[in-house]
Amino acid sequence: MTTRTLDLALPAGERAQLTATGVHIVRGGRPVLSGVDMTVTPRSRWGIVGENGRGKSTLLHILAGVIEPDSGTVRRIGTLGVAEQEMRAAGGRTVGDLIDTELADVRAALAAVDTGAALLADGDPRGAEEYAAALDAAEALDAWDADRRVDLALENLDAVTDRSRPLAELSVGQRYRVRLACLLGAAHDFLLLDEPTNHLDAAGLDFLTDRLRGRSGGVVLVSHDRALLADVATAMLDLDPSRDDRPRVYGGGFAGYQEGRRSERERWAAEYEQQQAEHARLTQDLSEAQNRLVTGWRPDKGTGKHQRATRAPGLVRSVHRRRDDLEAHAVTMPPPPLRFRMPELPVRPGTTLLRAEGVTVAGRLDRPVTVALDSGSRLVVTGANGAGKSTLLAVLAGAVEPTGGGVRRARAARVRLLAQESPPAGRRRAVDVFADHMGRLVSAGVLREGEAVPLTALGLLPSREAGKPLRDLSMGQQRRLDLALALASRPHVLLLDEPTNHLSIALVDELTEGLGATGAAVVLATHDRQLQRDVASWERLTLDPVASTAAPAGRAG
């Protein structure tokens, strides 16, 4: 028996490499991926980002060999572990079965060690060679410690540790955590993880981050979790549209990606505007040349027929030359992606816009909370699920009546809440929903006619998407409309409940920048770790069993 007979998939260690070159794939007649190049080494940790539908999960499947690209190549040296967003349970399999499947090579290597040892003990001449080969395989897999690593990961990810539990009895999140624990416990050269933080709590997130940063193998992460990308990724692949419609690779981790993407989009916008301006100038030149050609045949009285005839060829050549110039300078560059623009929100210095005094809501917000907000106030509300963050924001917005305490609002102060979930999507077009909302605000006297904010001015939805029925929009696009509706009322106090849900990384960064610059009061309830880091200077209110108080900066609560 040899390791070749065992047919084990052994880690390649420092020789491991995962390389994609010129990967291209089409689905439904539309290119999903085009010109993807990346090289993953044992010391690299890649983050893959992009809007929904940009092919991130498809690329993971191509790297893993589950899907073959239409063109391009993928070269794999070493072992791979893949965690997709969901894992189905079938055939009565248990947690232990899943662990045994992931550690099958470990089990086989340890069994081969025992077999080789027995042959040695019996004096079999094959024993030394087979024992040495099996021992090398077990050491490459770090086999003796594999089960302990899996158990440690199960515990720290808050996953089910009972190996007899059927997978069918577990939730999607529980199954994913078991699968993730198995991968962290195995000794793969590469881990390919699709949205690995979706089902993890704070402790699980910290554990996963530490394990990914400390492992010796390569990592490929598909994620919208900016904190995970900032903590783990050393290189970034951006699948979102670019000037030449090819993916962009950024070094320097997540920070390098943010800076590189910002510079790329600024250049894109500048070059597009330059092309547009040149096209407009040449169009004007052509129009003027055509006008001269027409008027050239209507000269002033007294001009001879011969003189008119000699002028005609020159005018015709001028028209043709300008038409050729216009065609040669067509606008070939696609328009750059929308950039969010925060509207100017009103300020009322020296006025307490909103004050909640000892508010409680029975069964939802049991500990009294006091909050006072002035223009420019910045407040982050944190706490575990069920602590009452959404309830508190609903009370401040006037959507929920407190059962204890009270809320006072300054006269004519506009307060707007962006709720955590979008309302049910119907058949009405997004642009019509927004227009009707603006019309109601103006007719009710909430806004003057000149204060109305056009949907196009916010940079949240392109005209093509704005013209679609709500039910045809993605969750992220519906969330963008929700944000547009909240900002359209130009609130003095803006309340945001998990505002990063379903939004792209680019929009979240732009929104964070806008929130920091606005003169309105802003209250933010979020679990987003990167957003919490970005607003670390804001005042913080943590909802827990101990009553909390918050007030504007420089004032007592």
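## Exercises on a predicted model

**Exercise 1. Classify how α6 packs against α7.**

Step 1. In this predicted model, the axes of helix α6 (residues 146-156) and α7 come within 8 Å and cross at roughly 140°.
Step 2. Oblique covers angles outside the parallel, antiparallel and perpendicular ranges, and antiparallel starts over 145 degrees. Therefore α6 is oblique to α7.
Step 3. Add the hand: the crossing of α6 past α7 is right-handed.
Step 4. List the contact. From α6 come Ala146, Arg149, Val150, Ala153 and Leu154; from α7 come Val178, Ala181, Cys182, Leu184 and Gly185. By class, the contact has 8 nonpolar, 1 polar and 1 charged residues.

**Exercise 2. Find the residues that touch the most other members of the largest nonpolar core.**

Step 1. This core holds 44 residues. Helix α7 (residues 172-185) gives the largest share, 7 residues.
Step 2. The residues sought are Val178, Leu180, Leu184, Leu193 and Leu212.
Step 3. Take Val178. Leaving out residues up to four places away in sequence, Val178 touches Val95, Leu98, Leu154, Ala159, Val160 and Leu170.
Step 4. Set aside a second, separate core of 36 residues, with Met438, Leu461, Leu524 and Val535 among them.

**Exercise 3. Asp245 and Glu498: which is buried and which is exposed?**

Step 1. Check the backbone. Asp245, not a glycine, has a positive phi of about 60°. Glu498 also has a positive phi, near 50°.
Step 2. Locate both. Asp245 sits in the loop between β8 (235-238) and β9 (248-251). Glu498 sits in the loop between β15 (493-497) and α17 (505-517).
Step 3. Apply the cut-offs: buried is under 20%, exposed over 50%. Asp245 has 52% relative accessibility, so Asp245 is exposed. Glu498 has 6%, so Glu498 is buried.

Notes. Residues are numbered from 1 along each chain as its sequence is written. This is a predicted model: local features need pLDDT of at least 70, side-chain atom pairs count only at pLDDT 80 or more; totals for chains, interfaces and linings use all residues. Side-chain values use heavy atoms; hydrogens and water are left out. A nonpolar core is a set of buried Ala, Val, Leu, Ile, Met, Phe, Trp, Tyr and Cys residues joined through side-chain atoms within 4.5 Å. Buried means under 20% relative accessible area, exposed over 50%, partly exposed in between (1.4 Å probe, protein chains only). Helices (H or I, at least four residues) and strands (E, at least two) are DSSP runs, numbered from the N terminus. Contact means heavy atoms within 4.5 Å. Axes are lines fitted to C-alpha atoms, for helices over the stretch in contact, and angles run from 0 to 180 degrees between N-to-C directions. Angles under 35 degrees count as roughly parallel, over 145 as roughly antiparallel, 65 to 115 as roughly perpendicular and the rest as oblique. A crossing is left-handed if the near helix is turned anticlockwise from the far one by less than a right angle, and right-handed if clockwise. Ala, Val, Leu, Ile, Met, Phe, Trp, Tyr, Cys and Pro count as nonpolar, Asp, Glu, Lys and Arg as charged, and the others, Gly among them, as polar.
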